[in-house]
Amino acid sequence: MKTQLSETILDTLELPVMEAFYTIQGEGFHQGKAAYFIRLAGCDVGCHWCDVKESWDATKFPKQRIKDVVAEASKSNCRLAVITGGEPLMHNLDVLTEALQLKGFKVHLETSGAHPLSGRWDWICFSPKKFKKPLPGIYDFANELKVVVYNKSDFAWAESFAENMREECLLYLQPEWSKQHKMLPLIIDYIKDNPKWQVSLQTHKYMDIP
Ligand SMILES: C[S@@+](CC[C@H](N)C(=O)[O-])C[C@H]1O[C@@H](n2cnc3c(N)ncnc32)[C@H](O)[C@@H]1O
Ligand SMILES: Nc1nc2[nH]cc(C(=O)O)c2c(=O)[nH]1
Ligand code: SF4
Ligand SMILES: [Mg+2]
């Protein structure tokens, strides 16, 4: 079994990092856990309600060596890394995930699934988008499906994905932040009628943390 990545690879490979920060995972199954977030730049999906549009243009952010990104992450107290973006799967994530795992991290992914899956993951949160269709390759690997609900038609759209997921995949409905007041009551009623679903709120926004 390989236990070390070659120094040459770690010295050479770079990724565009918009920001990296130590916080609490605010969403989904792991909500409430301390986690080190690595937000990779670049996204071509174009959700009009995206809460991190600054991440879309990867050229705005300098590339960082994977070695340095992992060294920074290792200074945090936790051993849970969340790779998000932007759309992280626009980049090959094999080396980043392996390097983090070799430092003892569990590595979680936040993705729209619109690009081919790379990397080895301890947890995958799949959040499909209408604006660029996901690739079906992600269906068999997702641990949670987290659908953002922006309007009423999104419930039927969410079901169309749920039926493709593995039996053990957890199902979450998350209100779009600006539509929370309108959509949360509908989500609550929907889940009471369809209890295979659970609510996911962006709890970090209530806690006013990154
Ligand atoms: C910014 S995205 C980055 C990862 C990836 N591009 C994706 O969309 O899954 C991280 C998570 O935030 C969710 N999200 C983005 N904007 C949101 C908003 N305005 N309200 C609720 N959830 C939002 C996304 O659906 C995704 O689950
Ligand atoms: N605290 C916190 N939790 C999160 N869970 C998913 C996030 C993301 O932007 O991917 C996110 C985020 O931006 N902050
Ligand atoms: S896929 Fe993710 S990062 Fe890209 S626009 Fe949509 S929510 Fe934002
Ligand atoms: Mg976020």
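In this predicted model, I24 is in contact with G32, K33, A34, A35, H204 and I209, leaving aside its neighbours within four places in sequence. I24 lies in strand β1, which spans residues 14–24. I24 counts as partly exposed because it has 17 C-beta neighbours inside 10 Å, and a buried residue needs 20 or more.

T84 is found in strand β4. Not counting residues up to four places away in sequence, T84 touches F37, R39 and E110. T84 has 19 C-beta neighbours inside 10 Å and so counts as partly exposed.

Both residues appear in a database record. The unreviewed UniProt entry carries a "binding site" annotation that covers I24, Q25, G26, R39, T84 and P210.

The ligand shells were examined next. Ligand 2 is surrounded by T23, I24, Q25, G26, E27, T84, E110, H204 and P210. Five residues of this shell are polar, two are nonpolar and two are charged. Around ligand 1 there are 18 residues, of which D51, E110, S112, S127 and W177 come nearest. Strands β4 (80–85), β5 (106–111) and β7 (144–149) each give two or more residues to the shell of ligand 1. That shell has seven polar, six nonpolar and five charged residues.

A helix pair was also analysed. Helix α2 (residues 66–74) packs with helix α3 (residues 94–102) at an angle of about 35°. Their axes are 10 Å apart, and the crossing is right-handed. From α2, I66, V70 and A73 take part; they meet V95, L96, A99 and L100 of α3. The contact has seven nonpolar residues, with no polar and no charged ones.

Key:
Residues numbered from 1 in each chain as written. Chains lettered and ligands numbered in written order. Predicted model: local features only at pLDDT ≥ 70, side-chain atom pairs only at ≥ 80, totals over all residues. Axes fitted to C-alpha atoms, helices over the stretch in contact; angles between N-to-C directions. Helix = DSSP H or I, 4+ residues; strand = E, 2+ residues; numbered from the N terminus. Left-handed = near helix turned anticlockwise from the far one by under 90°. Contact = placed C-beta atoms within 7 Å. Nonpolar A, V, L, I, M, F, W, Y, C, P; charged D, E, K, R; others polar. Near = placed C-beta within 6 Å. UniProt positions renumbered as here; feature names shortened; annotations may be inferred. Buried ≥ 20, exposed ≤ 12 C-beta atoms within 10 Å, placed from the backbone.
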